[in-house]
Amino acid sequence: MTMLERVGQQLGNYHISRLLGTGVFADVYLGEHLYLNTPAVMKVVRAPLDAHAQDSFLTEARHLSRLIHPHIIRVLEFGMQGQVPYLVMDYAPGGNLRQQHPAGTVVSLATVVSYITAVASALQYAHDHHLLHRDLKPENLLLGAKHEVLLSGFGLALLASSTDDALRVRERFGTLAYMAPEQIQGELGPASDQYTLAVMVYEWLSGSRPCGGTVAGPASLREQHLEIPEAVEQVILKAMSKDPAL
């Protein structure tokens, strides 16, 4: 079945209204609850899963559905349509932080601090529940109805555990521009998410992503932005250390 053929179908208690976009192995739709008429985002995997992968998906989806935090997109429903898994999540009408701050935009320190406060709290909550994000980036930070920051994209980590090896590798590695060095080697931990958050903070404050390939590490933020406190710069650079144990 093609992605457009799913429009108009029903999955669980939701009706698929229109296609929003496509990912590595899942299509994303806008849906509506059949009885409440409330909007939701629906992610539907294209490839069918075998019995073992279905069990893995359902187990992980249960864990994900228990994440209840003011800055994490909620899972409203999940299930299988035949051999095809789907996730239903809160709809965030404000778009994402990449749209809010296009590449090259310098964001004020006060605004960045508000973002960090929300995202760090959400990440700590997820880590406390033994769940890594794996693919933090501005596109996965959504804005809710009250302009609150909402962490999305956990479903990618979930679905990666249920698909074939090639897709699993791509999702394990996340988005190259934001990956921690140890993540490239397949060694994931909470520090990997913290590294990625620091890269986003660096980008927001400077207008460009750090050049991680140099021996000396990222360029000083304060060389071009003297208004950034030295203590803030030190915290960011420490979080982007190539050794997560530091």
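Q: Where does Gly 207 sit, and what phi does Gly 207 take?
A: In this predicted model, Gly 207 comes just after helix H7 and takes a positive phi of about 90°.

Q: What span should helix H7 have, and how far apart are its end C-alpha atoms?
A: Start with the general picture: an α-helix has 3.6 residues a turn, so residues three or four places apart point the same way. Now the case here: H7 covers residues 190–206, and at 1.5 Å a residue its 17 residues should span 24 Å. The end C-alpha atoms are 25 Å apart, which agrees.

Q: How many of the 17 residues of H7 are buried?
A: A residue counts as buried when its relative accessible area is under 20%. In H7, 14 of the 17 residues are buried, so by that cut-off the helix is mostly covered.

Q: How many salt bridges does the structure hold?
A: Look for a side-chain nitrogen of Lys or Arg within 4 Å of a carboxyl oxygen of Asp or Glu. The structure holds six such salt bridges. One of them joins Asp 27 and Arg 46, at 2.9 Å from N to O. Asp 27 lies in strand E3 and Arg 46 in the loop between strand E4 and helix H1, so the pair ties together parts that are 19 residues apart in sequence.

Q: Are Asp 27 and Arg 46 buried or partly exposed?
A: Asp 27 counts as buried because its relative accessibility is 4%. Arg 46, at 37%, counts as partly exposed.

Q: Which residues join Arg 98 in one network of salt bridges?
A: Begin with one pair: the side chains of Arg 98 and Glu 139 meet in a salt bridge of 3.2 Å, N to O. Arg 98 lies in helix H2 and Glu 139 in the loop between helix H3 and strand E7, so parts 41 residues apart in sequence are tied together. Through shared partners, salt bridges join Arg 98, Glu 139, Glu 203 and Arg 209 into one network.

Conventions: Residues are numbered from 1 along each chain as its sequence is written. This is a predicted model: local features need pLDDT of at least 70, side-chain atom pairs count only at pLDDT 80 or more; totals for chains, interfaces and linings use all residues. Side-chain values use heavy atoms; hydrogens and water are left out. Helices (H or I, at least four residues) and strands (E, at least two) are DSSP runs, numbered from the N terminus. The expected span of a helix is 1.5 Å times one less than its number of residues. Buried means under 20% relative accessible area, exposed over 50%, partly exposed in between (1.4 Å probe, protein chains only).
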